[in-house]
Amino acid sequence: MPRCFTFLLHCAIVPIMRENQAIYDFVMSKVKVDPVTGCWLANHGRPTDYTSVRLPSGRLQATHRFMWEWVNGPFPPGMLGCHTCDTRPCCNPAHIFAGTQ
């Protein structure tokens, strides 16, 4: 592995992953699983609405979108995080798909 890549890996990528790990841990500490639907209900916001998390950049991001990107990587440009379960506070990545409005 080239030395410059190792530098980037240890100085740029790893700290970002650690910050996102803290967000992931926070979300998972607030999730309640609905045993009937399998929804992961994020309860750190209003119980009937979308919830959001603050990213290291300071930007707010919908919790369901953050969780989908945690598992699958970035959304394609112009795509939204849609729910197969139609449950707004659900952040189960298996219930989210990239779609349009």
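What share of the 101 residues of the protein chain counts as buried? In this predicted model, the figure is 27%. The accessible surface of the protein chain amounts to about 6700 Å², and carbon and sulfur atoms account for 60% of that area.

The fold is built from two helices and six strands. Following the sequence from its start, these elements appear in the pattern α-β-β-β-β-α-β-β. Contacts that link distant parts of the sequence can also be counted: of those between residues at least 6 apart in sequence, 40% join residues at least 24 apart.

A closer look at one residue, N92, is helpful here. N92 sits in the loop that connects β5 (80–83) with β6 (96–99). Its relative accessible area is 9%, so N92 is classed as buried, the cut-off being under 20%. The side chain of N92 comes to 2.9 Å from the backbone oxygen of G38. Once residues up to four places away in sequence are set aside, N92 touches G38 and W40.

Turning to the surface, the largest pocket encloses about 210 Å³ of space. Its lining is formed by N20, L55, P56, R59, Q61, F66, E69, W70, G73 and P74. Helix α2 (residues 63–72) supplies the largest share of this lining, with three residues. In chemical terms, the lining of the largest pocket is made up of five nonpolar, three polar and two charged residues.

How values were computed: Residues numbered from 1 in each chain as written. Predicted model: local features only at pLDDT ≥ 70, side-chain atom pairs only at ≥ 80, totals over all residues. Heavy atoms only, no water. Helix = DSSP H or I, 4+ residues; strand = E, 2+ residues; numbered from the N terminus. Buried < 20%, exposed > 50% of the residue type's maximum accessible area, 1.4 Å probe, protein only. Polar contact = N/O pair within 3.5 Å; in protein donor to acceptor, adjacent residues only side chain to side chain. Contact = heavy atoms within 4.5 Å. Areas by Shrake-Rupley, 256 points an atom, 1.4 Å probe, with all protein chains shown as cover. 1 Å grid on protein atoms, 1.4 Å probe; cavity = no way out; pocket = protein on both sides within 12 Å on 5 of 7 lines; lining within 4 Å. Points joined across faces, edges and corners; volume = space filled by probe spheres on them. Nonpolar A, V, L, I, M, F, W, Y, C, P; charged D, E, K, R; others polar.
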